[in-house]
Amino acid sequence: MRRFFRVAALMVAALSFAMPMLDDARAQELAKDLFGSKRLPAVSSAPKSYGFYSKGCFSGGVAIPTDGAHWQAMRLSRNRRWGHPTMIALLEKFADDAAKDGWPGLMLGDISQPRGGPMLTGHASHQLGLDADIWFTPMPQERLSVAARETARQTSMIRKGGLTVDDRVWSDAHMRLLKRAASYPQVERILVHPGIKKKLCDTVTGDRSWLRKVRPFWGHDEHFHIRIGCQPGSTACKPQAAPPAGDGCDKSLAWWFTEEPWRPNKDPDAPKARDVMKMKSLPKECAAVLAMPSPPSEMAVTLGQGTSLATVTAPPLQPDPPETAAMGDAEMAPNAFAPTPKMSIPLPRQRPGN
Ligand SMILES: [Zn+2]
């Protein structure tokens, strides 16, 4: 008996020693593994983004349906159809507006993982539910099968081996699509290949103020990337500095047509930030976001066309983590993101391939 107590005491001692070690172990875990394995978003009283576009996470995310009248989501196996409700509602509106402008429909690329965070593959950003990729390829008339959505090829707008637009594939409709995307006040930046920016600089007439939002960046020859700002209520979301004044058709664009931005990577095997980012380098709210409960199903948090934001905002099950990144968290005014007393579950939508 005495021996039992001694063992028990030893175990208690070992446990109390191990507890802080566990916290430390979690802090050392790779954030991409933890966030990449979440299948559903974090239910919280209101959607909130924490941290920065390339180092953060979010709660209260919703999914865009795989299909809408004017969009098809691609690469469904990646489970990256998740975003802040404002982003998802904006994409649905954008798809409809673009259709009215004559665009056949949006092919949607990655938005975010269910709770954001760094991804197992791909992007550095897309971590807050506030970034989305849209293909330059117009949507085909037919509904693609799930399998076809995995393998469908995107069309580059840039001449092979060059830095300028391929006029056989570029059209005024592409320009109008970007102009429409830039027209939304929530959209702060649109990333495109520098050759596309140059094409806009050379050809857009009349109102050119929207060009300020269109920023040249590597990649983005097959898709463009829209970024919305930190949303009301996300006081721990770190905003990006506003783009410089003017249309950006200046020296800063000319730099992209020098050899400097295209020099080969001196250390191509160096790990990317996304691959080595540990939990301890994310805002500390992100550990709480990982621990938050999931909604009952994906359908319960899929923002369908005609579904109001309020109906997909789940009731609060758990208090939000205290925020550290910003001060002065004002009371949120009543709006579409306010918790609703009852969650109504949208009717299931037919999925492709079913
Ligand atoms: Zn992107």
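## Ground rules

Helices (H or I, at least four residues) and strands (E, at least two) are DSSP runs, numbered from the N terminus. One helix under that scheme is α4, which covers residues 146–151 and holds V146. Numbering runs from 1 along each chain as its sequence is written. Keep in mind that this is a predicted model: local features need pLDDT of at least 70, side-chain atom pairs count only at pLDDT 80 or more, and totals for chains, interfaces and linings use all residues.

## Overall picture and confidence

The protein has 10 helices and 11 strands. Burial goes by C-beta atoms placed from the backbone: 20 or more others within 10 Å makes a residue buried, 12 or fewer makes it exposed, and anything in between is partly exposed. On that count, 39% of the 354 residues are buried. Contacts mean two C-beta atoms, again placed from the backbone, within 7 Å. Take the contacts between residues at least 6 apart in sequence, and 81% of them join residues at least 24 apart.

As for pLDDT (the predictor's confidence in each residue, from 0 to 100), the mean is 84, and 79% of the residues reach 70 or more. Over residues 10–20 the pLDDT is below 50, and this stretch has 0 contacts beyond near neighbours in sequence. Residues 325–354 also stay under 50, but there the model has 54 contacts beyond four places in sequence. Where pLDDT is low, the predicted coordinates should not be read in detail.

## Helix α3 and the core

Helix α3 takes in residues 85–100, and its end C-alpha atoms are 23 Å apart. The expected span (1.5 Å times one less than the number of residues) is 22 Å for these 16 residues, so the two agree. Plenty of α3 is buried, including P85, M87, L91, F94 and A98. Just after the helix, G102 takes a positive phi of about 105°.

A nonpolar core here is a set of buried Ala, Val, Leu, Ile, Met, Phe, Trp, Tyr and Cys residues joined through C-beta atoms within 7 Å. The largest one has 63 residues, and L91, L106, L108 and I190 have the most contacts inside it. Its largest share, 8 residues, comes from α3. Leaving aside neighbours within four places in sequence, I190 is in contact with L178, A181, A182, K213, V214, R215, F224, H225 and I226.

## Helices α5 and α6

In α5, the buried residues are H174, L177, L178 and A181. They sit on the same side of the helix, because they cover an arc of only 95° around the axis, taken from the directions from the helix axis to the C-beta atoms. An α-helix has 3.6 residues a turn, so residues three or four places apart point the same way. The cover over the buried residues of α5 includes α3, β9, β10 and β11.

Helix α6 (residues 194–203) is largely enclosed by the rest of the structure, since 7 of its 10 residues are buried. Those are P194, G195, I196, K197, K198, K199 and L200, and they pack against α5 (172–182), β9 (187–192), β10 and α7 (251–254).

## Strand β8 and the loops

β8 is mostly covered, with 4 of its 5 residues buried. It runs antiparallel to β11, joined by 5 bridges; strands count as paired if DSSP finds at least two bridges between them. A132 stands opposite I226 in β11.

The loop between β7 (106–108) and β8 (131–135) contains H126, and I111 lies in that loop too. I111 counts as buried because it has 27 C-beta neighbours inside 10 Å. Not counting residues up to four places away in sequence, I111 touches I64, R80, R81, W82, G83, M87, H126 and A132. H126 is buried as well, with 28 other C-beta atoms within 10 Å, and its phi is near 65°, a positive value in a residue other than glycine.

H220 has a positive phi as well, near 60°. H220 lies in the loop between β10 (214–216) and β11 (223–228) and counts as buried, with 22 C-beta neighbours inside 10 Å.

## Back to V146

So is V146 buried, exposed or in between? V146 is partly exposed, because 14 other C-beta atoms lie within 10 Å. The C-alpha atoms of V146 and L76 are separated by 7.1 Å, with their positions 70 residues apart along the chain.
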